[in-house]
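Please read the points below with the structure open beside you, and find each residue as it is named. The note begins with one term and then moves from the whole chain to particular places.

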Amino acid sequence: MIEGIATPTTPAERSVRQRLAGLRLRFRDPALEKAYREDRFRHNLGNVRFAYLAGIGLWLGWGLLLRPYMLAIHDQQLDARLRFGVFIPLLILGYLFSFTSVFGRVWEWTSFAIAVATLAIWVVYSSKILTLPAEYGYVGVILITAFAYTLLRLRFFLVVLTALAAAAFYLPYAFTAKYIVPVSETLATLYIVSFGVLGCLSAYWVERFTRDLFLRQRDLDQERTRSDGLLLNILPQAVVDQLKTSSGQRIAQAFDDVSVLFVDAVGSTEQAARTTPEAFAESLDELFRWLDQLADRHGLEKIKTIGDAYMAVAGAPVANADHANAAVGMALEVNAGNESLRWPSGDPITVRGGVATGPVVAGVIGERKFAYDVWGDTVNLASRLQEAATPGEILIAPRTAELVDRYGCGPAQTVEIKGKGPTQVRALIDLGSPAEARDAAAELDPS
């Protein structure tokens with residue numbers, strides 16, 4: 001059984017290599033690949049914008065530094081035209097384009113296109129600048145290529161294409177230009193190929209790492225969602241949020257006014273003796289599932305089940321000014337019954353209930369098997385009212401009757417309550433509208 005529970009987590013332990021399609025570094029699952037690219041864009045957008053701005057800064061800085069060494073007017077004019085008319089505007093356009101909604105779908109190809117276009121123009125540009133050393137050309141090629149896998153962080157195959165474009169653009173020029181000496185040709189080849197290979201290797205391992213990290217984070221998020229779902233089956237959302245930030249501290253909170261509902265299935269002991277445990281448990285399970293649905297509909301928080309009794313509260317852990325009407329509304333709907341809910345014997349399930357309103361203390365205590373619970377005299381009173389009610393009856397406390405304006409209350413009656421003695425209570429009467437409920441309440445209790 002333990003192995004069966006552990007099986008769903010095994011995909012997270014699989015090697016990335018089993019989930020990637022060869023050197024393309026692409027997930028075989030199209031949905032997974034799409035999710036990865038969207039996640040990568042969100043995390044990389046800032047880097048891309050910074051790369052564009054850094055490129056603009058470098059073009060400006062290098063231009064100022066190298067201009068004194070360009071001894072020919074022609075070189076200075078060409079440098080100014082291309083630097084300020086092509087290279088920098090390309091990066092400005094890329095930066096501005098990054099703020100559009102379309103950029104998320106084409107950001108890598110846009111950055112790749114800018115890099116390749118810059119490389120091609122750079123080779124032409126450097127071939128025309130004759131008053132600077134030949135090294136000026138291939139150093140620039142290396143810097144532009146480095147941008148692809150450092151700041152732009154393009155995917156591996158785009159870095160490979162950029163490195164190939166750099167070699168394809170510059171090396172033919174280096175070997176055909178008559179003024180470039182053989183040693184410079186050798187150095188250009190050595191540096192461009194070496195930096196290209198190193199850049200491709202770096203891009204390959206970085207992308208593998210980011211994809212592996214994406215998978216682990218995705219699996220972690222799935223496990224977190226699963227664990228949060230399990231917690232929400234035990235604790236209210238507000239309490240789960242508190243537990244995550246409480247650092248192990250006890251959670252307790254006082255509520256001045258809430259309404260507590262107890263509902264009990266009448267005759268369950270006798271029914272249990274007349275059927276199999278499995279059939280009896282199935283009937284109770286269907287009953288409690290239905291009560292859970294009603295609690296959600298009316299805005300109550302299920303607290304617990306005690307044997308065949310069901311306890312819920314309105315107004316905690318999230319305050320609700322209309323808690324009395326919410327609790328009474330659920331109680332009446334429960335009391336109306338559900339024709340599909342029957343004991344295994346075929347007898348309809350009849351309930352009785354109690355609703356009390358007042359202050360409570362709520363929280364989570366203990367270290368193991370903890371649960372959200374409420375305590376106080378209001379809880380005890382609601383439980384005693386449920387015990388004192390007859391089958392098919394909902395008794396409510398006087399404080400609850402004062403707050404209810406959507407449902408009618410029967411005349412006051414005195415009931416012997418364990419631990420409290422004779423206590424005035426009222427039985428609920430379901431009326432058609434709030435106006436009718438108020439008129440009936442005024443007739444029954446002019447005060």
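1. A helix, as the word is used in this note, is a DSSP run of H or I with at least four residues, and helices are numbered from the N terminus. Please keep in mind throughout that the model is a predicted one.

2. For the chain as a whole, the secondary structure comes to 14 helices and 9 strands, and buried residues make up 43% of its 447 residues. The accessible surface is about 24,200 Å², of which 60% belongs to carbon and sulfur atoms. Among the contacts with a separation of 6 or more, 72% are between residues 24 or more positions apart.

3. Helices α3 (residues 73-97) and α4 (residues 103-128) deserve a careful look, since their axes come within 10 Å and cross at roughly 175°. Because angles over 145 degrees count as roughly antiparallel, α3 is described as roughly antiparallel to α4. Residues on the α3 side of the contact include Leu 78, Asp 79, Leu 82 and Arg 83, while those on the α4 side include Val 106, Ile 114 and Trp 122.

4. A search of the whole structure finds 21 salt bridges, and a general remark may help before single pairs are discussed. Side chains of opposite charge can pair when their charged atoms come close.

5. Within α3, Asp 79 forms a salt bridge with Arg 83, and the closest N and O atoms are 2.7 Å apart. The two residues are 4 residues apart in helix α3, so about one helical turn separates them. Are these partners buried or exposed? Asp 79 is buried, with a relative accessible area of 2%, and Arg 83 is also buried, with a relative accessible area of 2%.

6. A second pair is formed by Glu 108 and Arg 155, whose closest N and O atoms are 2.6 Å apart. Glu 108 lies in helix α4 and Arg 155 in the loop between α5 and α6, so this salt bridge ties together parts that are 47 residues apart in sequence. Glu 108 is buried at a relative accessible area of 6%, and Arg 155 counts as buried at 6% relative accessibility.

7. In helix α10 (residues 277-298), Arg 289 and Asp 285 are 4 residues apart, about one turn of the helix, and they form a salt bridge with the closest N and O atoms 2.8 Å apart. Arg 289 counts as exposed at 51% relative accessibility, whereas Asp 285 counts as partly exposed at 36%. Elsewhere, Glu 33, Arg 37, Glu 207 and Arg 211 are linked in a network of salt bridges.

8. Which residues make the nonpolar surface patch of about 470 Å²? They are Leu 58, Trp 62, Leu 65, Val 139 and Leu 143, and the elements that give two or more residues to this patch are α2 (30-66) and α5 (135-149). Helix α2 gives the most, with 3 residues. Leu 58 lies in α2 and is partly exposed, with a relative accessible area of 41%.

9. Two backbone details should be checked by eye. The peptide bond from Ala 316 to Pro 317 is cis, with omega near 0°, and Pro 317 is placed in the loop between β3 (309-314) and α11 (323-336). Arg 153 has a positive phi of about 55° although it is not a glycine, and this residue lies in the loop between α5 and α6 (156-176).

Definitions and conventions:
Residues numbered from 1 in each chain as written. Predicted model: local features only at pLDDT ≥ 70, side-chain atom pairs only at ≥ 80, totals over all residues. Heavy atoms only, no water. Patch = residues over 30% accessible without salt bridge, like charges linked within 9 Å, V, L, I, M, F, W, Y side chains within 5 Å. Areas by Shrake-Rupley, 256 points an atom, 1.4 Å probe, with all protein chains shown as cover. Salt bridge = Lys/Arg side-chain N within 4 Å of Asp/Glu carboxyl O. Buried < 20%, exposed > 50% of the residue type's maximum accessible area, 1.4 Å probe, protein only. Axes fitted to C-alpha atoms, helices over the stretch in contact; angles between N-to-C directions. Parallel < 35°, antiparallel > 145°, perpendicular 65-115°, else oblique. Contact = heavy atoms within 4.5 Å.
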